[in-house]
Amino acid sequence: MNPVIRTKNLAKSYGKTPVLRNIDLTVQAGEFTAVMGPSGSGKSTLMNVISTIDRFTGGEVWLEEQSLLQLGKSELRRFRQEKMGFIFQDYNLLDTLTVKENILLPLSLRRCPAEEMEARLEPIVRALNIRDILDRYPSEISGGQKQRTACARAIITKPAVVFADEPTGALDSRSATQLLEELVNLNGTFGTTILMVTHDIYAASYCKRVIFLRDGAVVNELYSGEMSQRDFYDRILETQSIMGGKVR
Ligand code: ADP
């Protein structure tokens with residue numbers, strides 16, 4: 001097995017208030033994992049500390065065997081740009097750039113040769129079915145198309161892992177379903193490792209694995225294995241109701 005993310009006794013406190021406690025988590029290459037839990041359970045914090053957006057206060061995190069504690073501030077920034085892709089609920093696209101320019105931005109910033117950019121773009125455009133919108137601006141496309149653009153931008157650098165924080169949160173149910181199918185497709189086609197925070201059982205049912213957080217600790221996890229998506233949905237629902245508390 002080939003771990004992409006590994007945490008040991010990972011902890012985070014704000015002042016004296018612990019928000020994450022002793023989290024030992026291993027994410028293998030190619031996994032599509034959901035992080036679920038009630039509001040305030042630490043889902044976003046967990047994603048933020050693993051993705052180096054926020055600092056952890058205890059324990060250790062390795063990404064592809066690189067200890068994050070060993071990296072200084074500018075090394076962390078470079079590491080983040082090279083190894084991680086991000087998909088946010090509100091897309092984070094630049095309004096003054098076309099869809100194509102938005103997708104290529106991470107490569108343009110690295111002064112990647114134009115030919116290589118086109119070569120990398122092509123399979124992603126095909127997989128996400130976004131050829132028709134490449135020359136449009138974000139204001140001219142739908143929410144679902146914006147999120148597919150954000151997906152393309154997240155994977156154009158071939159990151160070790162894509163972090164998705166409530167990626168379906170702003171989408172209507174049809175666009176959300178389409179996006180989840182695209183994520184499954186990217187995970188299958190390119191072997192993209194995806195860690196997705198969601199409060200939505202339906203979204204989580206598209207994943208291969210679901211981790212449940214409560215009060216900053218991992219309290220349960222499920223693997224879909226050979227289960228149908230419908231059965232996995234039921235298992236997640238059941239697990240969540242046993243844990244109690246409303247998941248949001
Ligand atoms: P979730 O994503 O599961 O809703 P969060 O990770 O956003 O949970 O928050 C976990 C806990 O950490 C909450 O109790 C929240 O109030 C607290 N928290 C988050 N960010 C900060 C911050 N910047 N300062 C203080 N407390 C924070």
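How do the residues lining the largest pocket divide into nonpolar, polar and charged? Eight are nonpolar, four are polar and four are charged. Keep in mind that this is a predicted model.

**The pocket**

Let's start with the space itself. The largest pocket holds about 510 Å³, and 16 residues line it. If you want to find its centre on the screen, look for Q81, M84, F86, P106 and R153, which lie nearest to that point. Four elements each give two or more residues to the lining: α2 (73–83), β6 (84–88), α3 (99–109) and α5 (143–155). Which of them gives the largest share of the lining? That is β6, with four residues.

**How the helices pack**

Two of those pocket elements, α3 and α5, also meet each other. From there you can follow the packing on to α6, which meets α5, and then to α4, which meets α6. Here are the three pairs side by side.

| Helix pair | Axis distance | Angle |
|---|---|---|
| α3 and α5 | within 7 Å | roughly 30 degrees |
| α5 and α6 | 10 Å | about 20 degrees |
| α4 and α6 | within 10 Å | roughly 140 degrees |

**α3 with α5**

Angles under 35 degrees count as roughly parallel, and the axes of α3 and α5 cross at roughly 30 degrees, so these two helices are roughly parallel to each other. The crossing is right-handed. On the α3 side you'll find V99, N102, I103 and P106, and they meet T149, A152 and R153 in α5. Sorted by class, this contact has four nonpolar residues, two polar ones and one charged one. Two names should ring a bell: P106 and R153 are also among the residues nearest the centre of the pocket.

**α5 with α6**

Next, α5 packs against α6 at an angle of about 20 degrees, which means that this pair is roughly parallel too. Once more the crossing is right-handed. From α5 come G144, Q147, R148, C151 and I155, while α6 brings S175, Q178, L179, E182, L183, L186 and F190. By class, six of the residues in this contact are nonpolar, four are polar and two are charged.

**α4 with α6**

Last up is α4 (residues 114–128), whose partner α6 covers residues 173–190. Is this pair parallel or oblique? With a crossing angle of roughly 140 degrees, α4 is oblique to α6. As for handedness, α4 and α6 cross in a right-handed way. P123, I124, A127 and L128 in α4 touch E182, N185, L186 and F190 in α6. This contact has six nonpolar residues, one polar and one charged. Try clicking on E182, L186 and F190: they meet α4, and they meet α5 as well.

Notes: Residues are numbered from 1 along each chain as its sequence is written. This is a predicted model: local features need pLDDT of at least 70, side-chain atom pairs count only at pLDDT 80 or more; totals for chains, interfaces and linings use all residues. Side-chain values use heavy atoms; hydrogens and water are left out. On a 1 Å grid over the protein atoms alone, a cavity is a set of points where a 1.4 Å probe fits but cannot get out, and a pocket is an open set with protein on both sides within 12 Å along at least five of seven lines; lining residues have an atom within 4 Å of a point. Grid points are joined across faces, edges and corners, and a volume is the space filled by probe spheres set on the points. Ala, Val, Leu, Ile, Met, Phe, Trp, Tyr, Cys and Pro count as nonpolar, Asp, Glu, Lys and Arg as charged, and the others, Gly among them, as polar. Axes are lines fitted to C-alpha atoms, for helices over the stretch in contact, and angles run from 0 to 180 degrees between N-to-C directions. Angles under 35 degrees count as roughly parallel, over 145 as roughly antiparallel, 65 to 115 as roughly perpendicular and the rest as oblique. A crossing is left-handed if the near helix is turned anticlockwise from the far one by less than a right angle, and right-handed if clockwise. Contact means heavy atoms within 4.5 Å.
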